[in-house]
Amino acid sequence: MNVEPREFDVIVLGATGFTGALVAEYLCERYGVGNSLRWAAAGRNEQKLEALRGSLRTRAASLPLIVADTLDAGSMRQLAKRTRVVLTTVGPYARYGSEVVAACADSGTHYCDLAGEVQWIRRMIDAHNDTARRSGARIVHCCGFDSIPMDIGAWFLQKEARERYGAYCASIVLLVNAMKGGASGGTMASMMNLMREARADREVARILARPYSLNPEGEQRGPDRGDQRGIRYDADAHSWTAPFIMASVNTRVVRRSHALLGYPWGTEFRYQEAIRTGRGAGGWFRSAMITAGLASLVGLASFGWSRSLLERFVLPKPGTGPDANARENGFFSLRQIGTLPDGRHIRSGISGDRDPGYGSTSKMLAESAVCLALDDLDSEGGVLTPAAAMAAPLIARLQANAGLSFEIRD
């Protein structure tokens with residue numbers, strides 16, 4: 001059950017990539033090297049690892065470096081046995097993540113990533129959940145902007161509703177109120193790979209279409225019928241809304257959390273996400289533009305020739321991202337509206353102080369790994385979600401260290 005001594009608390013796998021380097025920089029600044037957190041940086045290229053350590057200057061002079069290949073099962077087994085937690089930023093995960101998960105599940109090693117690939121997460125659940133339960137490994141996907149603010153946010157709002165009103169919300173709608181930051185090249189690469197798989201395999205397409213596709217086997221039905229695809233007016237928010245591109249990941253993570261927690265909010269609980277665009281004609285027009293843009297992107301990504309053009313000329317490349325100034329000036333602001341069984345509402349705000357795709361995501365992922373490594377968690381092993389694995393300890397870390405805020409709004 002991951003109780004034997006390990007050389008490290010956390011190994012950052014993919015540390016020489018753009019996001020991995022941000023995670024390493026954050027860990028170095030927040031926890032130092034060789035102090036309360038024993039961590040190491042891992043990647044395929046020794047020279048790049050040395051360059052990373054050099055970029056962190058003298059404060060990281062003693063940072064251990066590990067050469068490892070995510071496609072080599074033996075390499076991943078050796079890596080997993082050396083640490084309590086593997087944090088990996090190597091995506092798309094459907095290409096580069098499976099051996100890592102297998103090694104961690106088998107070794108009783110906790111794991112966290114930035115995966116937003118529903119079809120691959122479903123494969124990992126089917127292949128490794130039972131093994132991870134037996135070994136005690138907590139395998140936790142989606143530990144960045146997708147889907148920590150939403151998953152932990154739903155847990156937070158339900159906790160507050162119970163404490164304030166004596167009842168859980170029958171439904172929650174999360175609205176993206178404002179956001180500033182560049183699109184993640186890794187996220188776009190994962191999306192393109194997802195579309196490629198969906199075109200080649202109808203079962204993948206079915207997994208992506210099902211609202212409860214990440215729920216446990218035999219529990220993949222519920223009241224939600226799908227994600228928002230068009231323009232809608234939300235009377236509770238007094239605003240027009242548009243589809244949110246990452247709702248197809250986040251909603252399924254929140255529903256899996258609810259299932260893994262034992263359905264405390266009731267089997268008829270509903271959860272949806274959208275982008276808030278404002279009132280009046282301006283709000284409607286913004287919603288229409290977002291809806292049209294998203295439909296165009298999905299349409300172009302659905303065909304091989306147009307997908308290749310997008311990847312070559314339009315979308316950001318994996319391993320690239322905004323500069324430090326852009327990351328620090330970015331932010332996100334989310335709103336939740338919970339409806340209680342008697343029709344009353346409870347509202348919350350969720351915010352982050354850096355751009356969501358890189359600056360804030362790297363801090364969320366790093367704190368998830370530290371939480372898994374050092375905090376006293378009461379969750380069992382298995383393929384989990386952030387809320388099911390570590391809700392209360394993680395939210396405390398995020399608010400204390402990572403620039404996130406969760407608060408009730410009157």
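**Notebook: cysteines, a helix cap, a surface patch and two buried side chains**

I looked up cysteine 104 and found that its relative accessible area is 0%, so cysteine 104 is buried (under 20% counts as buried, over 50% as exposed, in between as partly exposed, with a 1.4 Å probe and protein chains only). I note that this is a predicted model, in which local features need pLDDT of at least 70, side-chain atom pairs count only at pLDDT 80 or more, and totals for chains, interfaces and linings use all residues. I number residues from 1 along each chain as its sequence is written, and side-chain values use heavy atoms, with hydrogens and water left out.

**Cysteines.** I found 0 disulfides in the structure (a disulfide is a pair of cysteine sulfur atoms within 2.5 Å). Cysteine 28 is in none, and its nearest cysteine sulfur, in cysteine 112, is 18 Å away. Cysteine 28 is also buried, at 5% relative accessible area. For cysteine 104 the closest cysteine sulfur is again that of cysteine 112, at 9.3 Å, which is too far for a bond.

**Helix α2.** I checked the N-terminal end of α2 (residues 46-55) and found asparagine 45 as the cap, with a side-chain oxygen 2.9 Å from the backbone nitrogen of glutamine 47. Helices here are DSSP runs of H or I with at least four residues, strands are runs of E with at least two, and both are numbered from the N terminus. Just after α2, arginine 57 has a positive phi of about 65°.

**Surface patch.** I listed Phe303, Trp305, Leu309, Phe313 and Val314 as a nonpolar surface patch, with about 610 Å² of accessible area together. Valine 314 belongs to helix α12 (residues 304-314) and is exposed at 59% relative accessibility.

**Leucine 87.** I placed leucine 87 in strand β4 (residues 83-88), where leucine 87 is buried at 0% relative accessible area. Its C-alpha atom is 7.7 Å from that of leucine 365, although the two are 278 residues apart along the chain. Beyond neighbours within four places in sequence, leucine 87 has contacts that include Val10, Val23, Cys112, Leu365 and Ala369 (contact means heavy atoms within 4.5 Å).

**Histidine 141.** I found histidine 141 in the loop between β6 (138-140) and α7 (148-165), buried at 2% relative accessible area. Which side chain does the side chain of histidine 141 meet in a polar contact? That of aspartate 113, at 2.8 Å. Leaving aside neighbours within four places in sequence, I also noted contacts of histidine 141 with residues including Tyr111, Trp120, Met124 and Pro386.

Terms used: A polar contact is a pair of N or O atoms within 3.5 Å; within protein, one must be able to donate a hydrogen and the other to accept it, and residues adjacent in sequence count only if both atoms are side-chain atoms. Patches are made of residues with over 30% relative accessible area and no salt bridge: like charges are joined within 9 Å, nonpolar side chains (Val, Leu, Ile, Met, Phe, Trp, Tyr) within 5 Å. Accessible areas come from the Shrake-Rupley method with a 1.4 Å probe; for residues, only the protein chains shown count as cover. A salt bridge is a side-chain nitrogen of Lys or Arg within 4 Å of a carboxyl oxygen of Asp or Glu.
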